[in-house]
Amino acid sequence: MSYNEADTRAKLIDPTLHQLGWTEDLIRRETTAGSIEIINGRTKRKKGRTDYLLCIPSEDGYSLPIAILEAKKEDEHPTIGLEQAKSYAKRLNVPFVFSSNGHLFVSYDYYYETVSDDNLLDRFPKPSDLKILYESRKGFSLESEKAKALFVPYRGGQSERRYYQDAAIRASLEKMASNKDGWNRILLSLATGSGKTRIAVQLLDKIEKSGQLKRALFICDRNELKKQGYGSLFSIFGDNAAIVSSTNPQKNSRIIVATYQSLGIDKDGDQSFFLENYPKNYFSHIIIDECHRSAWSKWSIVLRNNPNAVHIGLTATPRKIEGESSEDKDKDEEISRNNIRYFGEPVYEYPYVLGLADGYLAACEIIKGRANIDDLWLRREDLINKGVTDAKTGKLLSPEELNETYTKKDFDRRLIMPERRDAMCEDLIQNFEKTGDIRQKTIIFCANDKHAEDVANELERIYQRKNLPRCEKFAFKFTSKTFEANFDETHEILLANMRAMKNSHFIATTVDLLSTGVDIPCIQNIVFFTYVKSPISFYQMIGRGTRIDESFDKYMFRIYDYTNATRLFGKEFISRIRSEPSKPKIEGEKDKIAKVYGFDVKIKNEGTYILILDKESGRENPVSIEQYKELLAASLVKEADNMHILRDMWINPLDRKHLIEALPGGENGALLLRELLDLKDCDLYDIFADIGFGVSAKTRKERVEAFDYKNKDWLNSLPLDTSKVIRALANQFKDNGIEELESQNVFDVTEVKKAGGIKALLEINDDLKNTILDVKMRLLAI
């Protein structure tokens, strides 16, 4: 009998590697958070993926990961699954991949992009061999001064970071140590909610401890970002971190936190405060938060005055610009808001879809709707016949004061139609009611300030008509103009109330003030009432919903898309620049903002979608529920062939893991589908049996009840205590799913212990593993 993957690693691979110098301290296990499953109303983290990294040591005892090791079944060729291991290696930022069946191994080198021939396992490279290979590929010695930061331990230990944060930090330090062209320009691209600021702080801490930090600047363009950055930096650097004000440059601090505005770089181009207080190359390291939009144009003086500093750009959406005229390029060749041209390609990327798969970011459901009127071109005559007026004065407009036609992208900007707005608001509230309480934390993106105000007012009216408990603020406008007229609630107070209050401040209507740089983890819904062109803006907007918030029991969020904004999922972050300074006015276009009543507006339901990973592009791809079921069915049949094979795979944890990973959307996609099909009481096995093989899904409770009567003769033939324990074990499936039967703690469950526990099972078989396997087989019998 051949070994499975776990036994191959433990009994064949580990002993051989140990003899070659790979001691336990040089093998690091990186485990992801694991997807989130809700069973019987209780949230449960499923077991995450574990990767085995090979590390090389330092004199101080801290080890540096440089390779991933994948164990295969003893009877499989070592190249099986190598492609998957390569994708894991990229996420983990290690250049070497090894795969072994316990007898042979193959390797993959990311620098030469080659797979080796089969080699006997006893010829596996030693730590010293891999160190030499690593140094030759990277172009620097690990004994060099600049490489010291790679071996600085994390303050608070390894638990202080997630695997991808560690990978991003190592990728940054490797580029700094390389001394290659562009060594001091670092671009990190990670999804909103993945902890970019945390990465920056830990990165600076390692640089400081290795003796390479002179003075650092954390620079951003909004006060909210400044406060968040300072809070994180203060937790590590204490009083060595300080916030700059217009009257205090904080020159005694090694780490200063500032907005461009607080540095005195104003819209008129005055740079005197900055230049007088911070001479050339004053900073050794500069962190540029949200670098896709900041540090350029008038603000570029910060980077231009510190050319020798390490410039580290943080963003979820690295900007690439196309269509720049030669004049535009020549004007500012050194400092460009084209992130890719300025920094080079990101040294590390972690998109939303990976954060979702790993269990660090919230799952996403997309509900699409569309106003029927958005399919029409409205002619001047149509509006005149309905008594169109000036939106500001109420005066009737003449044909000469109107554009010839209006399309959907003019709505709420140049043409206000209250029936359209009200229909969208009513439809949104109805959708909220379908998913529970209408009082859900929500951000609605609107066309302009007036539109945001009108939407907030209409939602308030709807709430009042519902005769629900009094709410101080159900919906409210949150734009820059909000604070010009509101002295009771400042920007900060409104945000704090939305984050903390569970009985008010539910829906914020905005234009772009909440599109980026604002951390509100409790947001349950992102709503598009406005048309969006830019993939960068779109990803920043949906980023407000991607964070998990356990205090609000929020593990997923919904996108309500009324303007087809979700078409921008998976698009490149490209901005196109025209050679002319601004968009020319269309001949005949009028300045009047018109308002018209009298249209019969209906909202068409365009379906529910989920996100899956497009394996070719590596980006998110929305698919409808029906499309997803078709893809899932085809994949299940390809992987499992029939129900008997599916059951055999499902009762084996490793086979089950590989099956789920091979399916479109992975485990998170399947869990979300189960939620949308209202089959929450079913194990994923039954979802797959239904979709792939047409076998009606049974609930976990139904399976436990069937287990009892289908196996009645067998159970009665066993000793009484033994049958009681087996029934108690089966009950754990009902309450916690298949994984509970594989838990090391299952025999500590009160019900199982009271029935007789391990002792009772040993009466019939001293192999507990096979007994559990038998119970699982019988539970999942067709």
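Helices (H or I, at least four residues) and strands (E, at least two) are DSSP runs, numbered from the N terminus. The legends below use these names. The model is predicted: local features need pLDDT of at least 70, side-chain atom pairs count only at pLDDT 80 or more, and totals for chains, interfaces and linings use all residues. Residues are numbered from 1 along each chain as its sequence is written, and side-chain values use heavy atoms, with hydrogens and water left out.

**Figure 1. The whole protein has 28 helices and 31 strands.** Its radius of gyration, taken over C-alpha atoms, is 30 Å. The globule rule (2.2 Å times the number of residues to the power 0.38) gives 28 Å for 782 residues, so the protein is as compact as a globular protein of that length. The C-alpha trace spans about 90 × 65 × 45 Å along the principal axes. Of the 782 residues, 54% are buried. Here buried means under 20% relative accessible area, exposed means over 50%, and partly exposed lies in between (1.4 Å probe, protein chains only). A contact means heavy atoms within 4.5 Å. Among contacts with a separation of 6 or more, 71% join residues 24 or more positions apart.

**Figure 2. Helix α13 crosses helix α14.** Two packed helices are described by the angle between their axes and the distance between the axes. Axes are lines fitted to C-alpha atoms, for helices over the stretch in contact, and angles run from 0 to 180 degrees between N-to-C directions. Helix α13 covers residues 418–434, and α14 covers residues 449–465. Their axes come within 10 Å and cross at roughly 50°. That makes α13 oblique to α14. Angles under 35 degrees count as roughly parallel, over 145 as roughly antiparallel, 65 to 115 as roughly perpendicular, and the rest as oblique. The crossing is right-handed: the near helix is turned clockwise from the far one by less than a right angle, whereas anticlockwise would be left-handed. From α13, Arg-421, Asp-422, Cys-425, Glu-426 and Ile-429 take part. They meet Asp-454, Val-455, Glu-458, Leu-459, Arg-461, Ile-462 and Arg-465 of α14. By class, the residues of this contact are 5 nonpolar, no polar and 7 charged. Ala, Val, Leu, Ile, Met, Phe, Trp, Tyr, Cys and Pro count as nonpolar, Asp, Glu, Lys and Arg as charged, and the others, Gly among them, as polar.

**Figure 3. Helix α21 packs against helix α22.** Helix α21 spans residues 666–676, and α22 spans residues 684–693. The angle between them is about 80°, and their axes are 10 Å apart. The two helices are therefore roughly perpendicular to each other. On the α21 side, Glu-667, Ala-670, Leu-671, Leu-673 and Arg-674 make the contact. Their partners in α22 are Leu-684, Ile-687, Phe-688 and Ile-691. This contact has 7 nonpolar, no polar and 2 charged residues.

**Figure 4. Helix α21 is largely enclosed by the rest of the structure.** Of its 11 residues, 9 are buried. Gly-666, Glu-667, Asn-668, Gly-669, Ala-670, Leu-671, Leu-672, Leu-673 and Arg-674 are the buried residues. Just after the helix, Asp-678 takes a positive phi of about 60°.

**Figure 5. Thr-722 is buried in helix α25.** The helix covers residues 720–736. Thr-722 has a relative accessible area of 0%. Leaving out residues up to four places away in sequence, Thr-722 touches Ala-760, Leu-761, Glu-763 and Ile-764.

**Figure 6. Gly-607 sits in strand β30.** The strand runs over residues 603–614. Gly-607 is partly exposed, with a relative accessible area of 24%. Ser-624 is 17 residues away along the chain, and the two C-alpha atoms are separated by 6.8 Å. Gly-607 also touches Ile-366, Ile-367 and Lys-368, not counting residues up to four places away in sequence.

**Figure 7. Ala-706 lies in helix α23.** This helix covers residues 700–710. Ala-706 counts as buried, at 9% relative accessibility. Its C-alpha atom is separated by 10.0 Å from that of Ile-782, 76 residues apart along the chain.

**Figure 8. Gln-250 and Asn-467 have positive phi values.** Most residues other than glycine have a negative phi. Phi of Gln-250 is near 55°. Gln-250 is in the loop between β12 (241–243) and β13 (255–259). Phi of Asn-467 is also near 55°. Asn-467 is in the loop between α14 and β24 (475–477). Asn-467 is exposed, with a relative accessible area of 71%.
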